[in-house]
Amino acid sequence: MIARVRAGQPEAYAELVRAHTSIALRAAAALGAGADAEDVVQQAFVKAYCALGRFRDGAAFRPWLLSIVANETRNTVRAAARRTTLAGREAALVGADPVIPESADPAAATLETERRAALLAALEQLSEEHRLVVTYRYLLEMDERETAEALGWPRGTVKSRLNRALRRLRRLLPDVRPGETREGGAPA
């Protein structure tokens, strides 16, 4: 696909964008872009396109793209932090919450919303490297190899930082026991 893009076939890049937009949006939202997630992703795709000359042949596109999304999210969050108050940033985070289907049990939906808010609050208390590794590995459902590639870390570093991050999350979320999280959430 990358070879087709490099050969000047714009429709090939459109296919890449369609295939990776969903996970890029999830990454941006999970990393704190909030209401700016779509802008972050759009900017990341533009930067990825401009940087295709540096893309390593044979490498996976997704981890590479998500590293660009993470950088764009970091830049956006820093810029927003300079412009807004803490209350404004919290409002942006709330805007990233998924829409609850009307058919969902209201009690279960409320509990899920509370768990998600607790998890996001706990993630905010982690160091940036711990927040990134948990987000990539569990919220974006990337395997260890992809996480290492996206973060530019050796696999051993991913394992050790993930282990430390999960221990910290367990301390921050003492009321969540193993097996209580749902798909897409970090394990307890």
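Trainee: Is Glu146 buried or exposed?
Mentor: Good place to start! In this predicted model, the relative accessibility of Glu146 is 12%. The cut-off for buried is under 20%, so Glu146 counts as buried.

Trainee: Which residue forms a salt bridge with Glu146?
Mentor: Look for a partner whose N atom comes 2.5 Å from an O atom of Glu146. That partner sits in helix 4, while Glu146 is in helix 8, 84 residues apart. At 23% relative accessibility, the partner counts as partly exposed. The residue is Arg62.

Trainee: How many salt bridges does the structure hold?
Mentor: One of them joins Arg155 and Glu144, at 3.2 Å from N to O. Arg155 lies in helix 9 and Glu144 in helix 8, so this pair ties together parts 11 residues apart in sequence. The structure's total is seven.

Trainee: Are helix 7 and helix 9 roughly parallel or roughly perpendicular to each other?
Mentor: Their axes lie 9 Å apart, at an angle of about 100°. Angles of 65 to 115 degrees fall in one class, so the two helices are roughly perpendicular.

Trainee: Which residue in helix 7 forms a salt bridge with Arg161?
Mentor: Arg161 belongs to helix 9, and its partner is 32 residues away in sequence. Their closest N and O atoms are 3.6 Å apart. At 31% relative accessibility, the partner counts as partly exposed. It is Glu129.

Trainee: Which helix gives the largest share of the largest nonpolar core?
Mentor: That core has 49 residues, and Val69, Val134 and Tyr136 touch the most other members. Several helices give two or more residues, including helix 4 and helix 6. The largest share is eight residues, and it comes from helix 2.

Definitions and conventions
Residues are numbered from 1 along each chain as its sequence is written. This is a predicted model: local features need pLDDT of at least 70, side-chain atom pairs count only at pLDDT 80 or more; totals for chains, interfaces and linings use all residues. Side-chain values use heavy atoms; hydrogens and water are left out. Axes are lines fitted to C-alpha atoms, for helices over the stretch in contact, and angles run from 0 to 180 degrees between N-to-C directions. Helices (H or I, at least four residues) and strands (E, at least two) are DSSP runs, numbered from the N terminus. Angles under 35 degrees count as roughly parallel, over 145 as roughly antiparallel, 65 to 115 as roughly perpendicular and the rest as oblique. A nonpolar core is a set of buried Ala, Val, Leu, Ile, Met, Phe, Trp, Tyr and Cys residues joined through side-chain atoms within 4.5 Å. Buried means under 20% relative accessible area, exposed over 50%, partly exposed in between (1.4 Å probe, protein chains only). A salt bridge is a side-chain nitrogen of Lys or Arg within 4 Å of a carboxyl oxygen of Asp or Glu.
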